[in-house]
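Me: I am new to reading protein models, and I would like a close look at a single part. Could you take me through the open sheet slowly, after first explaining what is meant when a residue is called buried?

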Amino acid sequence: MHPFALSRADDPTKAIAAHAQDPQLAFIAGGTDLIGLMKDRAQLPERLLDINGLPDMARIEALPDGGLRIGALARMSDVAAHPDVRRGFPVIAEGLLFAASGQLRNMASMGGNIMQRTRCAYFRDEDDRPCNKRRPGSGCAALHGLNRNHAIFGWSDACVATNPSDVAVALAALDATVVVRGPAGERAIPFADFHRLPGDTPERDNVLGRGDLIVSIDVPACAEGRASHYLKIRDRQSYEFALVSAAAAVATDGRRIRSVRLALGGVAHKPWRLHAAEAALREVSLDDSHCLKGAIATSFTEARPLAHNAFKVWQSPRPSRTPARSPTMPSKSSWPSALHCARCRQREHAHECHRTTDVTLRWAAQGDRRRALHGGYSARRRDARRDRFQHHRERPDGVDRDFHRRKGAGRAGGVHPSKHAAHESDAKALEPPSSARAVVSAASG
Ligand code: SF4
């Protein structure tokens, strides 16, 4: 572990001044991403300034106009369980509850969540593969390597990574604002402008500079907020980052769409708003799934899939299915040594699961969507296989009931679901409105 000095801040002005003057200092709140980055040697600050003691930054409050102010230090599970969030903006609660695990959500702050860095395996590889985000100018190993989880929109030859945050997709759809305090005072950054596309400087994920401290995230009141829904497609049912996710917020006149906000996650370096689809969806009937899909496809004409991620656009009717790169399998020597198995997250290449990963990639390259997405297993075979590999079962984070039945709920080493402020089953209980569900289902095929 990289050695570092830790100090605590109790005054925002002093914290901002210290951060502005010292390039080796980083703010830390929950630390759920930063500590992992330091272990992977992707980020090596020499000094950490703990900002958890800063006053008034963990509040969640309703604004008089019907909007919401979420303090940057509010914990994910507290925001997800807050009644004003669940009532007025269920897409935020769902986006949070489908992210990470119960323990992580109890620790991670909202400000840290929207600041988290890509999960590109080359970027996180401690063996220092070519990665422009990690070492500017070294190249991008993912461009011609394993890029199943990477971008289809807005990428450059310098970087094809995606943004991993779930709640950022919901906040982008709702036109939230990030309130930042810096050496020059306070400013509000529209969420669409907060994250950057990679361009020639992929090492910069967002527009924040030295001395900038996120104070809150403001969500404006909107007619669409109440009828909103978040859908996440991933390799396993929980504790996994999105392959593709969609956030939709819809206002209707009867069964006809009056206005809609739509954003995708897992497809670009930033949450990707579908403005063309939003315009095309106006006046479309919620019962006309063909029109819904056709309208959403208007936003996919600019998609540029890579060698292994064309499946991310297969589900819409119009986009090109031709990968931008030759669909050849990268040689195994180009694999990042720290690549986690998609199913069990173990690292060793000798591990049995990697045989499956290997062949899954070939299916993806050959255009076999069913096999690439579902691992080529029928439900019966998949269940039998899951039973064989016990370690594939979910972590004891309050999601996998079976785990608790086997281990004994509440025993040492396991965490009883009721111990968490909110957990994933809560998101399923939110019962999304049919309007938002229809739009988001059309977006995901
Ligand atoms: Fe690095 Fe970006 Fe390329 Fe991944 S996609 S290897 S983060 S430059």
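Reply: A residue counts as buried if 20 or more other C-beta atoms lie within 10 Å of its own. The model is a predicted one, and with that cut-off in hand, helix H5 (residues 90–97) makes a clear first case: 8 of its 8 residues are buried, so this helix is largely enclosed by the rest of the structure. Among the buried residues of H5 are Pro90, Val91 and Ile92, and Glu94 is on the list as well.

Now to the sheet. It is an open sheet of 5 strands, arranged in the order S4-S5-S8-S6-S7 with antiparallel pairing. Strand S4 (60–62) and strand S7 (185–190) are the edge strands, each of which pairs on one side only. On average, and with direction ignored, neighbouring strands of this sheet are turned by 20° against each other.

We can start from the edge formed by S4, which pairs with strand S5 (residues 68–71) in the antiparallel sense over 3 bridges. In this pairing, glutamate 61 has arginine 69 of S5 as its bridge partner. Strand S5 also holds glycine 71, and because 23 other C-beta atoms lie within 10 Å of glycine 71, this residue is buried. Leaving out residues up to four places away in sequence, glycine 71 touches Met57, Ala58, Arg59, Ile60 and Ser216. Glycine 71 and methionine 110 are 39 residues apart in sequence, yet their C-alpha atoms are 7.4 Å apart in space.

At the other edge, S7 pairs with strand S6 (residues 177–182) in the antiparallel sense over 6 bridges, and a hairpin of 2 residues joins S6 to S7. Strand S6 is also joined by 5 bridges to strand S8 (residues 213–219), and these two strands run antiparallel. Threonine 177 shows both pairings: its bridge partner in S7 is proline 190, while in S8 threonine 177 stands opposite aspartate 218.

Finally, a word on the nonpolar core. The largest nonpolar core has 114 residues, and Leu171 is one of those with the most contacts inside it. Helix H8 (residues 167–173) gives the largest share of this core, 7 residues. Apart from neighbours within four places in sequence, leucine 171 is in contact with Ala176, Phe191, Ile217 and Val219. In soluble globular proteins, nonpolar side chains tend to be buried together.

How values were computed: Residues are numbered from 1 along each chain as its sequence is written. This is a predicted model: local features need pLDDT of at least 70, side-chain atom pairs count only at pLDDT 80 or more; totals for chains, interfaces and linings use all residues. A nonpolar core is a set of buried Ala, Val, Leu, Ile, Met, Phe, Trp, Tyr and Cys residues joined through C-beta atoms within 7 Å. A residue is buried if 20 or more other C-beta atoms lie within 10 Å of its own, exposed if 12 or fewer, and partly exposed in between; C-beta atoms are placed from the backbone. Helices (H or I, at least four residues) and strands (E, at least two) are DSSP runs, numbered from the N terminus. Two residues are in contact if their C-beta atoms, placed from the backbone, lie within 7 Å. Two strands pair if DSSP finds at least two bridges between them. Axes are lines fitted to C-alpha atoms, for helices over the stretch in contact, and angles run from 0 to 180 degrees between N-to-C directions.
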